[in-house]
Each structure stands twice: as C-alpha cells, then as structure tokens.
Amino acid sequence: MKRALIVILIVFSVFTVGCKSTIGEDTAKDNDNQVADSSITENQDEKDKTENTFKEVEDKAKENEKQDEAEAPVSKYSISDYIGINANEKYNYSGENSEYAEYFRYVEYIEGDKFQIRTNNGATETVMVLEGTDNELKIVFRRGVCDYRENFLKKPSNESEVLLKAPIKKGTEWKLSDGAKRYISSIDTVVSTSIGEFQCVEVTTENVSGQKDLKYYAPNIGLVKEVNDTENMKVTSTLSSIEKDVRFNQVIRFYSPDENAEYMKYEDVTISFATNDITRLTLQNRFEEYGMLKGNVGINSLYLNDDGMVYLDVTKNFVPEMANGTAGEYFAIYDLVNTIGRYYGVNNVYMTLDGGNYESGHIVKYKGESFAVDADAFVLR
C-alpha cells in the first residue's frame, strides 16, 4: 500500500512538471509572437510615417514650386514684342548636327495681326501663317513643300499651335494637340550668338515620352535659337544674321514664242518679291515685258485650288488682243499655261475670261475643263 502510494506520487510529480514545462513553452512562444507582432507593427508604423513624411515633403515642394511660379516675375514685354517680324527682313540661322538645321526665314506678307513666313532649309520650303494677339502667338496655317508664292493670310486655318502664351513668366503652361506640354521655363536666359547676346524667354516643349525641345525668343527679334532632341543628338539652329531691306528671289522659267511664232522658247529669270508684293501682278509685269500679254490684257486672279489645279482668270480682251490665228492663240495660251503651271508644279491650269469659260473662234472650254501643262511641246532651246 505504501509502495503504491509512492508510485502514484512520483507519477503525479512527473505529470505536474511536464505540464508546467509545456505551459512555460507555450507562454514563451506567445510572448515571442507578441514581441514579433509588436515589432512588425512598429516597423509598419515607421514605414508609414516615413512614406507620409516623404509625401508631405513632396507635396510641400510642389506647393512651394507653385507658389514660386505664382510669385514669379512677369516679363515687361508683351507677346507682340517677341514676334520680331518686319517687312523685307531675312533671318539667317546657322545649324549644328544636321545639314537641315541651317535655314533662312523671310516675311512674305503682313496684314494686321497675321504674318506669313517662308522657311527654306536648302531642301524644302515651308510656309506658315502666324497670328499674334495680346494673349498668345500661334501658327494658324501651314503648307509644306511650297515652292510657289501665294498669299495664305485669308485661307481657312488648318492648324492651331501655340508658340508663346501670356502671362510671360516662368511656369505658364499649355497643352498641344499631340499631347505634349509646352511651358515657359525661363524669362531671362542669356543666349550668345555670332551677332551678340540676347536675353530670351525660354520655351520648353516636352512630349509624352519625356523628350524636350527648346526655343528662345528675344524682344524685337523673335526666334533666336532652337534646340531639338533628335535620335539622342541635339540639333541646334542659331540666329547668325538679320538682313534688312532685302527681297526674296525666285528663279522662274518663262515661256514665250520665238520671233516667227513657230516655236516656244524659255528663259530662266530671277524675280524679286518684296513683302506684300502681289504675285500675279509681278508675274503680269514680266509677261508684258516678254510680249506674253499686251494691249492692257490683265490677270484678274491667280491661285492654286484645293483640287490641284491652278485657277487663272484673265481679262476678256485676251482673245482679240492675243489670238492671232490658230497658232498665235495656241502660243499665247500655252506661254501662260506652261509658265504658271511649272511655277506652281501642277499638271493643269483652269483658264477663264473675266470669270466665264474660255471661248474663241478656235478653242472652246466648257465649265471645269482645263488646259494641260505641256512644257515640252514645240520648245526651242
């Protein structure tokens, strides 16, 4: 009995110790888990605090930037001062890193707040119409590969690209139609050129991929410099000279009959145009000089239509004055048609008489019928 009691006591002691040991381990584990959970929570709290701090700093920086921009000084010059476009002036630009970065600009027409500019980089000639208001300077019309001269100031707008916008101060920003953003990044950047230093407004254009192009405008001068990112290379054009009281010269091939009116001959002639010269009148004077128009025959209108034909309207006395027999009329017509057609680079010229169909005793053209440019026919070189 006594022995059995001892065994029972030993078993009970072992069980008690085992339970205490298990309970102790579980308690330790719980404490460890609590410490780990507390550590994770503390780390997360620290991370959140850090992120919040960064965000606060970033938001504060943006707020300060906006405040700086809002308080940024405004240029004392207006939009019109930065246009820098004057009659009979030619702006020459030197280029770097591209053979087409060198070009010249010439003012062809000025009327009110619109200006027509021709740009020639040695490969192509482009014409654009700028419109300047108190609030912005923008391109409202553009025609690429335009070798002929025509007044586009009253053409319907085919573009709306803002080049410079008021207020003229750092931070002024606007969107372009292709999604790019354009903004004034400085109003007092000094640009050095071969003809002097200019304090310029710097305009940055940033496209959707982050590429940045820069343009610099100086008061009373206009565009001084442009820097374009092209295939990881900076292509730069910088103003190198301004020529005043100059003319824009074009070489035009004039066709005329030989002395016996048996063949057509031609001569390449340099024609000079001043700003706002009317092309049709300048050509008319040359036609008269070459005997292609006479007897007070005049050109009423001359333009390239959207259907790809040049529309030429002459006074009705063209027929009695110029149509000297079938051959004489043929040469009189095709001297004009070939000269004008080749100048505009078209295949057809729609010729009318005081707005009506061309009609004579030898030739009748119905509404819409044109004369085909045939510059190689009966030509004596």
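Strands are DSSP runs of at least two residues, numbered from the N terminus. The structure described here is a predicted model. In this model, Q250 sits in strand β13, which spans residues 248-257. Q250 is buried because its relative accessibility is 7%, and buried means under 20%. The side chain of Q250 reaches the backbone oxygen of D147 at a distance of 2.6 Å. Leaving aside residues up to four places away in sequence, Q250 touches D147, Y148 and R149. Contacts of Q250 also include V269, T270, I271 and F273, together with Y343.

Strand β13 also takes part in a salt bridge. R253 pairs with D268, and the closest N and O atoms are 2.8 Å apart. R253 lies in strand β13 and D268 in strand β14 (residues 264-273), so the pair ties together parts that are 15 residues apart in sequence. The two partners differ in burial. R253 is buried, at a relative accessible area of 19%. D268 is partly exposed, at 41%.

In general, side chains of opposite charge can pair when their charged atoms come close. The structure holds 13 salt bridges. One of them joins E161 and R142, with 3.2 Å between the closest N and O atoms. E161 belongs to strand β6 and R142 to strand β5, so this pair ties together parts that are 19 residues apart in sequence. E161 is buried, with a relative accessible area of 19%. R142 has a relative accessibility of 30% and therefore counts as partly exposed.

A further salt bridge is found within a helix. The side chains of R286 and E289 meet at 3.2 Å, N to O. Both residues lie in helix α2 (residues 279-289). They are 3 residues apart, about one turn of the helix. E289 is exposed, with a relative accessible area of 56%. Elsewhere, salt bridges that share partners join R142, E159, E161 and R182 into one network.

Helix α2 also has a set of buried residues. These are T279, T282, L283, Q284, R286 and F287. R286 is thus a buried residue whose salt-bridge partner is E289. The buried residues of α2 pack against strands β2, β13 and β14. They also pack against β15 (299-304) and α4 (325-344). Strand β13, which holds Q250, is therefore among the packing partners of the buried residues of α2, as is β14, the strand of D268. Just after α2, G291 takes a positive phi of about 80 degrees.

The pocket analysis concerns another set of elements. In general, rolling a probe the size of a water molecule over the atoms shows where empty space is left. The largest pocket has a volume of about 650 Å³. It is lined by 30 residues. Nearest its centre lie R105, T119, M128, K215 and E226. By class, the lining has 18 nonpolar, 7 polar and 5 charged residues.

Several strands each supply at least two residues of this lining. They are β1 (89-96), β2 (103-111), β3 (114-120), β4 (125-132), β5 (136-143), β6 (161-165), β10 (212-218) and β11 (222-229). Strand β2 contributes to the pocket lining and also packs against buried residues of α2. Strands β5 and β6 both contribute to the lining, and they hold R142 and E161 of the salt bridge described above.

Notes: Residues are numbered from 1 along each chain as its sequence is written. This is a predicted model: local features need pLDDT of at least 70, side-chain atom pairs count only at pLDDT 80 or more; totals for chains, interfaces and linings use all residues. Side-chain values use heavy atoms; hydrogens and water are left out. Helices (H or I, at least four residues) and strands (E, at least two) are DSSP runs, numbered from the N terminus. Buried means under 20% relative accessible area, exposed over 50%, partly exposed in between (1.4 Å probe, protein chains only). A polar contact is a pair of N or O atoms within 3.5 Å; within protein, one must be able to donate a hydrogen and the other to accept it, and residues adjacent in sequence count only if both atoms are side-chain atoms. Contact means heavy atoms within 4.5 Å. On a 1 Å grid over the protein atoms alone, a cavity is a set of points where a 1.4 Å probe fits but cannot get out, and a pocket is an open set with protein on both sides within 12 Å along at least five of seven lines; lining residues have an atom within 4 Å of a point. Grid points are joined across faces, edges and corners, and a volume is the space filled by probe spheres set on the points. Ala, Val, Leu, Ile, Met, Phe, Trp, Tyr, Cys and Pro count as nonpolar, Asp, Glu, Lys and Arg as charged, and the others, Gly among them, as polar. A salt bridge is a side-chain nitrogen of Lys or Arg within 4 Å of a carboxyl oxygen of Asp or Glu.
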